[in-house]
Structures are given as C-alpha cells and as structure tokens.
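I opened my notebook for a friendly wander through this one. The plan is to look things up piece by piece and jot down what I find.

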Amino acid sequence: MQIAGLNNQRVRQHNRRTIMALIWRYKRLSKSQLAQHTGLSIPAVSKILDELVADNKLAHSSENLSTRGMNSGHYQIPDEGPLILCMNVSPTSIESQLIDGRMSPLGDFNWTDVNARTPEALLQAIEGLWQQQRKRWPGQRINLALGIHGQVDTATGVSQIMPQAPWKKPIEIKYLLEEKLGITVMVDNDCVMLALAEKWQNPANRDDFCVINVDYGIGSSFVINGQVYRGTLNGSGQIGHTIFDRDGVACACGRYGCLETVASLSALKKQARLWLKSQPGSLSLDPDTLTSLQLLDAWRQGDVNIQRWADEAANAIGLTLYNLLNVLNINQIWFYGRSCTFGERWLQTINRQIGFTPFDQGDAVRNRQTEIAFGGLTRQQQIIGIGYLFVEDALEAG
Ligand SMILES: [Zn+2]
C-alpha cells in the first residue's frame, strides 16, 4: 500500500474544497467567518478566496452581513450556471422543485399525481414537468436531479428495482433522459436524497448520522465521516430487509420476516386489511380500498387495533436500531416518511427499545449522546436535497 504525503498542491486543493463546501452549506460567509470555520489565518483565507473569485467559482459582494463596524463584505456562489429541477420520483407521484445555481428555490413546490403503469409513462411524466419549467424559463439550461424510489445504480443512473411499480425491469433513466433532453441528469435513491438534504441544510448534524424513511417501505441512508455511504453494490441502507422474524411473512425481496414486513406502512395496511376482513362491519373502513391516509386517520381517532400495530411496528424498528447502533456506533438518527405521523408516542416506543446503548456515555457537552428524532426539514427542503448531487460532483472535480 502506498501512503501519499500531502504536498503543497494537495493542501491547497483541500483548503479550496473546504471553503467551497462551507459556502455551499451557509450560502454566504464573510472572510472572518471563513477563517473561523477553517481555522486558517486571514491572509491564507484571503489568498484562496482571491483565487476562487478569479476562477469564477465564487463571487464577492461588498454588502455587509453585519451591522457592526467595518466589514469586508461576503462571498457566495456566482448567480449563474444552470438551473436544476429536483424531483422525488415514485411510480404513483412526482414531487418537484426548481432551484437556481445557488440551490435556492425558484417558484413553487409541486406535487403531481402520476400513476405510471409502464416505465415509458413514468419517463414521459418526468419529461412533461421538465418541459413546463422550460417554457417558464426560456433560454435557461435546466438539469435534472432525481431521487428515485427503490434501488438505484448511481454510477450508471439505472433504476434497478422500484418496489411499488407494476414493472419489474430496470430503467436506464439517466441515459434515456440525457439523450432525449440534451441535459445532465443525476439520479440516486430517495433515502440518499434525505441524507443529502440533512447533510447540507441542517448545520446541527454530526459527521456520522443516518436517516430512516418509514413509509411504504423502510429505507435508510448513512453519512459516515461526512460522506454518504453507498456501498459497492448500491445496496447500503437496506435496513428494511434486515430479518426481524425468521418465521415471519414473505417479503417482496424473497426472504421471510424482514423488518419491512412488520413495521412499514404497507405492512400495517396489510394487517389492517386482514383484520377488517375477519370483522365485517366493525369499522367504517373498506378492506379492499384501504389507503395509508385512512389508516393514519383511524389511528388518530384512537382505533385501538391500529394503535397496537403501530406500537408493535415501533418496537420492531427500535430493536433493529438497537442492533445497528451497537455495530456502527452512529448515534444521530433522523426519521422521515409518513409513519412519523404516528408522533411522539411512536418515537418514544422506538427510543424505549433502544433504551440506552452500552457505549453511550450520555456526554451531552461533547455532543456525544444518542439523538433520535423526527427530521425537521420541510418537504421542499427534502426534495432540494437531491440537487446537492451536483454540488458534490462539482466539489469532487475541484
Ligand atoms: Zn425483504
């Protein structure tokens, strides 16, 4: 193994990247703020900033961020570069938000009903939304950033498995859309979208954290040392398919008793449906048309069965997380997805299962205690998360 030393060139590259990453995160910072964040001297920061401005990577504005005393203005990403249309894509719906080159939203957040029966219909729906934006912003290049439900090969931009879709074949989403629209398309999994959203838009995050999406299925994404961990087979974060009950029911993945078969919203729906069929007329719900929303409503109205199932689901998630926390020692977890509607009681049940991890010293001062909470980003911020694929790509390229 060759161990490379850091020569001046590489230190310079590293410092440039650190400064760019800080500006992407905080949108605009003054020279002294950058010196504070990086631990570099003002002259060292000045030199790098001058270079970045000369390279057109940063723009300087003399507008003061502070009302106190003398100020040398602030630095931000130049107000140019292509727009990005961010989308969260599932076979049933597409959520979208247009953003500018500084990652700030342009126009409204959109939710579109899709119900695609074929891959072609889904691609058409994506293209339709893109065409709408192009009419609104004539002459502007609009790239696409897609957070896609299911398993995605990020390198090739192929959607491999979309569990909710009626089709079972892979779709070359990136290739097909790039060829047709003549733009750059970046794709990743919808849980990675949430991880990127948290990483770039929540300054309270630690270097190691994870997001867990408990919705139709259960997905997760891990950020380790500040980087999304994808794994070589793009299978990282399949917490929903860790086995919870070896004698449990069959899962879509081909195994039995996966966490998803016990604790996801679709599992709860299945349980409710079976129960409703055995108790005709006992609830005002129709087992054949039961939706997740109805399920959540019944829970809110105090349906004891649904509350019991939700508790069981929370217990299963808690126990799985307990194992995970002990293996990885990642102690900051954000929950997203519609199951969060189950609220504090659900979260407390999960927390009770985790109890305490033996390695948690409860060191709040050094920010080392376990923190498990509902994610606080808005849906718009969550969707914008996928746009940061472009930022990370640019940082990587230097
Ligand atoms: Zn499974």
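**Entry 1: an edge of the sheet**

Which residue in β13 stands opposite Ile 224? I looked it up, and the partner is Gln 227. A reminder to myself before going on: this is a predicted model. Strand β13 covers residues 227–229 and is joined to β12 by 3 bridges, with the two strands running antiparallel. They form a hairpin with 2 residues between the strands, and I noted that Asn 225 there has a positive phi near 50°.

**Entry 2: the whole sheet**

Next I wanted the strand order. The sheet is open and has 5 strands, in the order β13-β12-β11-β14-β15, with mixed pairing. At its edges I find β13 and β15 (371–374), each with a single partner strand, so one side of each lacks a neighbour in the sheet. From one strand to the next, the twist averages 25°.

**Entry 3: strand β11**

I then turned to β11, residues 209–214. Is this strand largely enclosed or open? It is largely enclosed by the rest of the structure, because 6 of its 6 residues are buried. I recalled that side chains in a regular strand alternate between the two faces of the sheet. Checking each face in turn, I found Phe 209, Val 211 and Asn 213 buried on one side, and Cys 210, Ile 212 and Val 214 buried on the other.

Its partners came next. With β12 (residues 218–224), β11 pairs in the antiparallel sense over 6 bridges. These two strands make a hairpin with 3 residues between them. Val 214 stands opposite Ile 218, and Val 211 has Ser 221 as its bridge partner. With β14 (residues 332–336), β11 runs parallel, joined by 4 bridges. There I see Ile 212 opposite Phe 335.

I also checked how covered β12 is: 6 of its 7 residues are buried.

**Entry 4: the other edge, and a helix on the sheet**

Following β14 outward, I reached β15; the two run parallel and are joined by 4 bridges. Trp 334 stands opposite Ala 373 in this pair. Helix α6 (residues 190–201) packs on the sheet, where it touches β11, β12, β13 and β14. The direction of α6 makes about 40° with that of β12.

**Entry 5: two helices crossing**

How do α8 and α10 cross? Two packed helices are described by the angle between their axes and the distance between the axes. For α8 (residues 265–278) and α10 (residues 304–328), the axes come within 10 Å and cross at roughly 145°. I noted the crossing as right-handed. From α8, the residues Leu 268, Gln 271, Ala 272 and Trp 275 meet Asn 305, Ile 306, Trp 309, Ala 310 and Ala 313 of α10. By class, I have 7 nonpolar, 2 polar and no charged residues in this contact.

**Entry 6: stepping back**

Last, I looked at the protein as a whole. Its secondary structure comes to 13 helices and 15 strands. The radius of gyration is 23 Å, which agrees with the value near 21 Å for a compact globule of 398 residues. Taken along the principal axes, the C-alpha atoms fill a box of roughly 75 × 55 × 50 Å. Buried residues make up 33% of the 398. Finally, I looked at contacts between residues at least 6 apart in sequence, and 57% of them join residues at least 24 apart.

Methods:
Residues are numbered from 1 along each chain as its sequence is written. This is a predicted model: local features need pLDDT of at least 70, side-chain atom pairs count only at pLDDT 80 or more; totals for chains, interfaces and linings use all residues. A residue is buried if 20 or more other C-beta atoms lie within 10 Å of its own, exposed if 12 or fewer, and partly exposed in between; C-beta atoms are placed from the backbone. Two strands pair if DSSP finds at least two bridges between them. Axes are lines fitted to C-alpha atoms, for helices over the stretch in contact, and angles run from 0 to 180 degrees between N-to-C directions. A crossing is left-handed if the near helix is turned anticlockwise from the far one by less than a right angle, and right-handed if clockwise. Two residues are in contact if their C-beta atoms, placed from the backbone, lie within 7 Å. Ala, Val, Leu, Ile, Met, Phe, Trp, Tyr, Cys and Pro count as nonpolar, Asp, Glu, Lys and Arg as charged, and the others, Gly among them, as polar. The radius of gyration is taken over C-alpha atoms; the globule rule is 2.2 Å times the number of residues to the power 0.38.
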